[in-house]
Amino acid sequence: MSLICLGVSGGIGAYKAVEVARLLQKRGHEIQAVMTRSAKKFVGPLTFEAITRRPVISNQFAPGINSNVEHIAIASSAELLLVAPATANIIGKFANGIADDFLTSLHLATKAPVLMAPAMNVNMWEHPAVQENMQRLTARGVRFVDPGEGYLACGWIGKGRLAEPEAIAEAADRMLRPSKTLAGRRILVTAGPTYEDIDPVRYIGNRSSGRMGFAIAEAAAARGADVRLVSGPTNVPAPSGMGEIAHVRSAAEMHAAVMNWRDWADAIVMAAAVADYTPAQGARAEKIAKGGDVDLALARTRDILSDLGASRGDGKKPILVGFAAETSDAVDKAREKLFRKHADLIVANDVTKPGAGFDVETNEVVLVTAGGAEALPLLPKREVAAAILAKVEDLLR
Ligand code: CTP
């Protein structure tokens, strides 16, 4: 499921945008309608609100304490900006970077891909100004769903009629479907915390939810990879589309599960927050009864990533990705980990930053490789996963 911003500009085809919204919802996407002032003369915002169950945005300066922040949030969370119908006017504004209302500002503020479905009179469509504007936008990566030919609302015959809603929905859906760039690859992902049992009722754990690892596993499967998941204890449901899942509890169990699948994997992503220490004499058979102070001796666990790095030698298979959850100097510490653990990529995050780290849907990370460090902005974990996998694809090549 993806969030699509559906921009509706003022053409007679605006009523067809309602059907486009409905079809995209049927395909599992969430729609945020954004209407220009003139679009509202053709269709009422209520129609879109009833279908999308979200308030329509049209005013850049809507009153309300958080309205501005909300608008910016939409620019960063949208995965596609679809404009249907796109008038000659909106195409001209996009081509020239004009930002005089919410839709045109959103176009500049978002990093999401843009798809436009033009609709206009045939002479307008053929006008060199419009054609040149579209060429400029095409050169910037904007895609178009060409209009159909036939009787136009203005009474003329020719090209300019908004493409059929089904064709627009299909083009949008296709842009959101990741290409199978990891087809034929085997990716092993670890996720979640480990629990080190002290006695039958107590354990040492950590705050990892598994979300980051699950997002990576899910994104790898969507790219066609054969994915195996080793998951520590978590309440978040594991993603669908996994080849096999091993549920483990302790660092030692995770170590064994990973080593068992090591030779199978082309790449291993260690997103799990593995305990560094475990009770030295193992879990006690009996519950520790309350009494005096208790001395709990802790012993180091085996570092899975280090063991993978050491056993790999120079063979370079599997590609090794680790995480560095830090509270200070995340990039320096990640670089040190990269070399010490013989990994190919360390995903560094400062867990003290708002919106980053454990138990949230977003993360802000730096991708550290031998070649350098690439800082990503605060992103949904799904997009962080996509960026990590893009790096893994590079490393596999
Ligand atoms: N990791 C691992 N096995 C462990 C501990 C950690 O494979 N026993 C992996 C984690 O999955 C993660 C990376 O190593 O990908 C970094 O974990 P972290 O605990 O931060 O690394 P340490 O080397 O223990 O660094 P520090 O001394 O800063 O805790």
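Let me start with the ligand, where one of its nitrogen atoms lies 3.1 Å from a polar backbone atom of Arg-302, a polar contact here being a pair of N or O atoms within 3.5 Å, with the added conditions, for pairs within protein, that one atom must be able to donate a hydrogen and the other to accept it, and that residues adjacent in sequence count only if both atoms are side-chain atoms. Protein and ligand come from a predicted model, in which local features need pLDDT of at least 70 and side-chain atom pairs count only at pLDDT 80 or more, while totals for chains, interfaces and linings use all residues. Residues are numbered from 1 along each chain as its sequence is written, and side-chain values use heavy atoms, with hydrogens and water left out.

Two side chains also reach oxygen atoms of the ligand: a polar side-chain atom of Lys-341 is 2.8 Å from one, and an N or O atom in the side chain of Arg-340 is 3.3 Å from an oxygen of the ligand. The ligand exposes 580 Å² when taken alone, and the protein buries 80% of that, with areas from the Shrake-Rupley method and a 1.4 Å probe.

What surrounds the ligand? The shell holds 16 residues, the closest being Met-270, Ala-272, Leu-305, Phe-323 and Lys-341, where near means that a heavy atom of the residue lies within 4 Å. By class, the shell divides into 7 nonpolar, 2 polar and 7 charged residues, with Asp, Glu, Lys and Arg counted as charged and Gly among the polar ones.

As for secondary structure, α12 (304-312), β16 (319-326) and α13 (330-340) each supply at least two residues of that shell, and the largest share, 3 residues, comes from β16; these elements are DSSP runs, helices being H or I of at least four residues and strands E of at least two.

Turning to the whole protein, the domain assignment, which is automatic or taken from a database, gives domain 1 (3-176) and domain 2 (186-396), and their C-alpha centres lie 41 Å apart.

Finally, two backbone details deserve a look, given that most residues other than glycine have a negative phi, and most peptide bonds are trans. The bond from Ala-84 to Pro-85 is cis, with omega near -5 degrees, and Pro-85 lies in strand β3 (residues 80-86). Arg-53, which is not a glycine, has a positive phi of about 60 degrees, and Arg-53 is placed in the loop between α3 (45-52) and α4 (67-77).
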